[in-house]
Amino acid sequence: MHSTKYSSSSATPTLLRRFGVQRIKSTVLSANTSLRILALGGEAFPGLTVLRSWKGKGNKTHMFNIYGITEVSCWATCYKVPEEVFSSDHRFDSLAPLGTPLSGTTIEVKDAHGSAVLEGEGQVFIGGKERVCFLDDEVTLPMGTMRATGDFVRIKDTEMFFLGRKDNQIKRHGKRLNIEYVQQIAEDYYQVETCAVLWYQQEKLILFVVPKGILIKSDLLKKLQESLPSHAVPDDLLLIDTLPFTSHGKIDVSELSRIYSSCLNSRSVSKLNKKELWKRLLCLWKALLNLPEDSRNISKDSQFLLNGGDSLKSLQFHDEIELMVGKTVPGLLEIILSRSIEEVYKHILKTVFPNEDQNLNCNSAVKRKLSESSREELSKKCMELKPERSLTAEANTVGFIAVSRGNRLFSTDEPLRNQSNTEQAGENEVLKSKLDKTIASDANMAEDSIQKTPVQETFGRTAEKLMLHLRWKSDLGKCVDASPLVVTDTLSTFVYVGSHSHMIQAIDLYSGKVMWERNLADRIESSACVSKCGNFIIVGCYNGLVYVLRRSNGEIHWMFVTGDAVKSSAAVDPSTGLVFTGSHDQHVYALDIYKKVCIWKLHSEAGAIFSSPHLNLLPHHLYIATLGGLLQAVNPAKGNVIWKNNCGKPIFSSPHCNKDCVCVGCVDGNLYCFSHFGEKVWKFSSNGPVFSSPCISHFCSEIFFGSHDYFTYCCSMGGNLLWKFKTTSTVYATPFVFHNHDLEDKTLLAVVSTDGRIWILDAKTGLLEGEERLPGEVFSSPVVWGSMIIIGCRNNCIYCLDLCISKTKKAG
């Protein structure tokens, strides 16, 4: 007979935090821990969001908030945290109350005049006939003595919520403030592991944060500005590796003060000469790319993204640089994303030392923006390319359907007119029905030749309801960050995708056989699109070229030269056949790929174009978003701006629209919705930068998008939250909503987080239906065709996974 020993423990929150979130979750509050009761007291109780981040899945520990003072022999009140707080998918923003008085204890809350407080703020007094404690020289006490605690609370609906110690009250901007309250609000932010607040020299309010992963300072400050009154917003924010503690386990305030003084000295612009600036820039580079501090061999032509950086880290790099030099550096983000570290340095010099020579001795070659001479040379080469067949033949339209990230459908069976999404969807269904017999035949043939492998055998555990099986994978040599394009016609169905290895492949969707592959001149991050006629694939490249390839064999039909890297994915106008693409040279181009000419180009006054243009048919607008935060509606025929709106922060998300509005995500954490006339209709706020593009479909009345706060959100067309689902990492990719009659006739949503996890959710409720994990990070967005999910991965492969109902589910 086995016996299990269970334990209980009491501790201060500070002591528990010293273990770190991951260790608390995996050990102290894991599923198999013997700890059954954990009582936290002696300090402000953590926020409910913090508690949820500590709890491991399946943990059974009961948590209590205990409160009291030494003058009454310690604990006086107790509150048990309800279990539903931990099981809910929804966010609780409230703090835990102090709870009810223990037996024989009397609690009163009084204002500054000694009057009882029933609703509002006041100081806690504790007493009771059985709670007598003599202090100093006391030998007797009057009956009913109540001790002033020095602790302030807010009473709301008969519950007491701790605000802070009288000792920690300061007067700032003419108003009283408990600095512990600032700490509680800051800890509620998803990327904050722990934090402390310092009233530095009775002049500045400083917030020290130990980050959980990558934290953007500006995002946290924005969150605090939204959650706190103006007099409570910190003056400065400092990221540190760990908080200093005294021998008694309390925060070492004097050490925090020393750390901040040292930081102020290091920020002094007067000490920031050119040599020191270069040195600090290298230190930031190493820190953000996780390089050893003693690494010296950093080439001056190294590029941030090519050395392990990503879009989110580039934002942090940008913020740290501006904080270091003490001023705004215009255009810095675009330089970080597409230039070498030397060119980042020179760009900063122009702002910090505007009247001095910016030369830097350099022993290595620098990767530069395409020069005028190189552009001319490439243009000549492009003009020399001759089509093997007549342009008239190439322009003949074949019936096809193309599906790309975020449920973007494009089809041409006959020339499309300006029409609503519903009408276009109907036409897609007509074409799809024509192709069903051929597609089904292809699928059956492929089924006979493929042995399905459960993905979990290689990648991890399987969810209970739906299973993912590996159909095939294809190796592209390096990271696959581009999203797949699926094109089907009456003869075949192929996946087209490029990678960092410069390679683009055309892969048979059902068999996984590579039909052709083509090596371009540089890294491919742009997702491919198909031409109006269906005969060409268009893809952008880091070398500044837009390639037009024959869909049948991958041969180059035309190359168009822009002035910088092309990461934007092209959009096609089904009415004119024009191809629209953006470049880091701050231009949008309208290309006629049949005549091989640029019809127009538009210079963006607010930064490079990273995201993909989106074409709307009615009204006939081309929507363009920039890294300068600008969303523009452009006339697709002439290239003139119809309207523009500034979101204030960089936009990596691509706009997407329906017949009523256009939506786009922003680094400031908001999803913005505008009418087609340029009026802001609403904005929906998440708690992290939004790089994910909104997913809008003709058969759903909801909008889906992901955030760096780990959540995927479902909103109504009115901007109201319908549900949200928490993943295990940031959500960079665009979700994909789909309906399949073979999968219980449900509308499902495919979501991918950057840690490689694939989540299949019920699109109506947000409940988890299936889950798997790929063996690498994922920045590619999923595309679903039937019950197949196609997704790129940073382990150099693209995967095709079959989604099916598990045997256990069928048996039930």
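## Exercises on a predicted model

In this predicted model, Thr100 in β5 is the bridge partner of Cys78.

**Exercise 1.** Work out how β3, β4 and β5 are joined, starting from the pair Cys78 and Thr100.

Solution.
- Step 1. Place the pair in its strands: Cys78 falls within β4, which covers residues 74–80, and Thr100 belongs to β5, made up of residues 100–101.
- Step 2. Count the bridges between these two strands: β4 and β5 share 2 bridges and run antiparallel.
- Step 3. Turn to the other neighbour of β4: strand β3, residues 62–69, pairs with β4 over 6 bridges, again in the antiparallel sense.
- Step 4. Add a residue pair for this second pairing: Phe64 is opposite Lys80 of β4.
- Result: β4 pairs with β3 and is also joined to β5.

**Exercise 2.** Which peptide bond is cis, and where does its proline lie?

Solution.
- Step 1. Recall the usual case: most peptide bonds are trans.
- Step 2. Check omega: the bond between Leu618 and Pro619 has an omega of about 0°, and it is cis.
- Step 3. Locate the proline: Pro619 sits in the loop that links β31 (614–616) to β32 (621–625).

**Exercise 3.** Lys596 and Tyr710 have a positive phi. Place each residue and decide whether Lys596 and Tyr710 are buried or partly exposed.

Solution.
- Step 1. Recall the background: a negative phi is found in most residues other than glycine.
- Step 2. Read the angles: phi is about 60° for Lys596, which is not a glycine, and near 80° for Tyr710, also a residue other than glycine.
- Step 3. Place Lys596: this residue is in the loop between β29 (587–592) and β30 (597–603).
- Step 4. Place Tyr710: its loop runs between β40 (702–706) and β41 (711–716).
- Step 5. Apply the cut-off: a residue is buried under 20% relative accessible area. Lys596 has 16% relative accessibility, so Lys596 is buried. Tyr710 has 22%, so Tyr710 counts as partly exposed.

**Exercise 4.** Describe the whole chain by its elements, burial, contacts and surface.

Solution.
- Step 1. Elements: the protein chain holds 16 helices and 49 strands.
- Step 2. Burial: of its 812 residues, 58% are buried.
- Step 3. Contacts: among those with a separation of 6 or more, 53% are between residues 24 or more positions apart.
- Step 4. Surface: the accessible surface is about 34,800 Å², and carbon and sulfur atoms contribute 50% of this area.

Definitions and conventions:
Residues are numbered from 1 along each chain as its sequence is written. This is a predicted model: local features need pLDDT of at least 70, side-chain atom pairs count only at pLDDT 80 or more; totals for chains, interfaces and linings use all residues. Side-chain values use heavy atoms; hydrogens and water are left out. Helices (H or I, at least four residues) and strands (E, at least two) are DSSP runs, numbered from the N terminus. Buried means under 20% relative accessible area, exposed over 50%, partly exposed in between (1.4 Å probe, protein chains only). Contact means heavy atoms within 4.5 Å. Accessible areas come from the Shrake-Rupley method with a 1.4 Å probe; for residues, only the protein chains shown count as cover. Two strands pair if DSSP finds at least two bridges between them.
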